[in-house]
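Visitor: I should like to understand the reasoning behind the terms applied to this structure. Would you take me through them?

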Amino acid sequence: MTSSQTDYSEHELLESHRYAEPLYAGGIRCHGGFDDDGRYVSPRTVHRVPAIESWEEVRAEAFGTPQLDIPLDRWPPTVLNVAQANFLIANGVPGPIISTLTRIGTVEGFGGFIRTLPLPDLSRCFDEDVRGTAMAHLERGLYEAHARDEAGFEDEGGHKDMWFAARDIAFEHPVDDDDVLEMLQRMGFSRPGSASATPPPPRVLPDDVDADLEGVIEFMARLLLIEISAFHTFAWAEEVLSDNDLVAGDGESARLVSYIRSDETPHVSYLKTTLSEMRDRTFLGSSGKRYPGTEMVGRIWDRAVADSLGARREANVKLALGEVEHALDGHPRRADLLAEFHSLATPEVAA
């Protein structure tokens, strides 16, 4: 049963539960904590979770449409599957797994960028009322909560720190700052918004539709697809990092990943609801022309899905396999290890 409340303050959407015990990861006080029964409770979810449920309930009742979604099985499994990861670790070549965990943590740190997104006056962008919706709360706590979850806030660590802690616990602090910098440069990393970052894709909506609105929808669509497909990564990481015969920490790293997975659930939920709210409405152009939201959001969504399953997937495959090649460079058994590694690949990756 969801709450009938649909209007929340930023303070409410950022409020966390009272914890019996805080969460520490690698010696860093992180967000979230444990209840009296020792169960992990995600941060900033006292009101955020019931709020998202209420907004979605109201949307579905008002418009009678299914929520915008895409099944997880549209994405192939992780590039380095569990068998490949375990094979590399067992043969003393953990580098590609360490690189993967470092890359994920670095991307999570970029999550703070979401609070800087320019957002237009949404009441002027749609023909229908936007009060009491998830979209009306993007700048009233939803973006800020998401940013804090990913990048941390003040002296409290977030997912960035939790992924790095999982890496350091499992592989006993395998890299220093110089190693990480070299690793990220090798993988072609740049911060969002920097001069070397990937430029935004060309516009697909009519010229009189607010460009900032299109940018917001584009960003949220791509972010949602990343968040959904990441559940493959969570499953992969939890399985690899729970193998006490191969990694250190007695499963602590896998538990940290499970906490992150729990934290990501409200991200997926509010993004689905917000995009569905926009899709269900009528877009207003500056010329006074009206456009169906199904077409406007559909154009952006279809392109984002095609990119996620196409060019972005191909780039991730190339990057991951490049890290394997790099880790085996100069290894006396390089050819044999590569042959065995590729024999363990899924057909999609082998192709």
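Guide: Strands here are DSSP runs of E with at least two residues, numbered from the N terminus. The model is a predicted one.

Visitor: What makes β1 and β2 a pair of strands?

Guide: Two strands pair if DSSP finds at least two bridges between them. Strand β1 (residues 21-25) and strand β2 (residues 28-34) are joined by 5 bridges in the antiparallel sense, so the criterion of at least two is met. Within this pairing, Glu21 is opposite Phe34 of β2. The two strands form a hairpin with 2 residues between them, and Gly26 in the turn has a positive phi of about 60°.

Visitor: Why is Asp178 called exposed?

Guide: Exposed means over 50% relative accessible area. Asp178 has 60% relative accessibility and therefore counts as exposed. Asp178 belongs to helix α7 (residues 177-186), and together with Asp176, Asp177 and Asp179 it forms a negative surface patch.

Visitor: How do you know whether Pro120 is buried or exposed?

Guide: The cut-off for buried is under 20% relative accessible area. Pro120 has 12%, and so counts as buried. Pro120 lies in the loop between α4 (95-109) and α5 (142-151). Its C-alpha atom is 9.0 Å from that of Val216, 96 residues away along the chain.

Visitor: Why is α5 described as largely enclosed?

Guide: Of the 10 residues of α5, 9 are buried, so the helix is largely enclosed by the rest of the structure. Among them are Leu142, Tyr143, His146 and Arg148. Just after α5, Gly152 adopts a positive phi of about 85°.

How values were computed: Residues are numbered from 1 along each chain as its sequence is written. This is a predicted model: local features need pLDDT of at least 70, side-chain atom pairs count only at pLDDT 80 or more; totals for chains, interfaces and linings use all residues. Side-chain values use heavy atoms; hydrogens and water are left out. Helices (H or I, at least four residues) and strands (E, at least two) are DSSP runs, numbered from the N terminus. Patches are made of residues with over 30% relative accessible area and no salt bridge: like charges are joined within 9 Å, nonpolar side chains (Val, Leu, Ile, Met, Phe, Trp, Tyr) within 5 Å. Accessible areas come from the Shrake-Rupley method with a 1.4 Å probe; for residues, only the protein chains shown count as cover. A salt bridge is a side-chain nitrogen of Lys or Arg within 4 Å of a carboxyl oxygen of Asp or Glu. Lys and Arg count as positive and Asp and Glu as negative; His and the chain ends are not counted. The place of a charge is taken as NZ of Lys, CZ of Arg, CG of Asp or CD of Glu. Buried means under 20% relative accessible area, exposed over 50%, partly exposed in between (1.4 Å probe, protein chains only).
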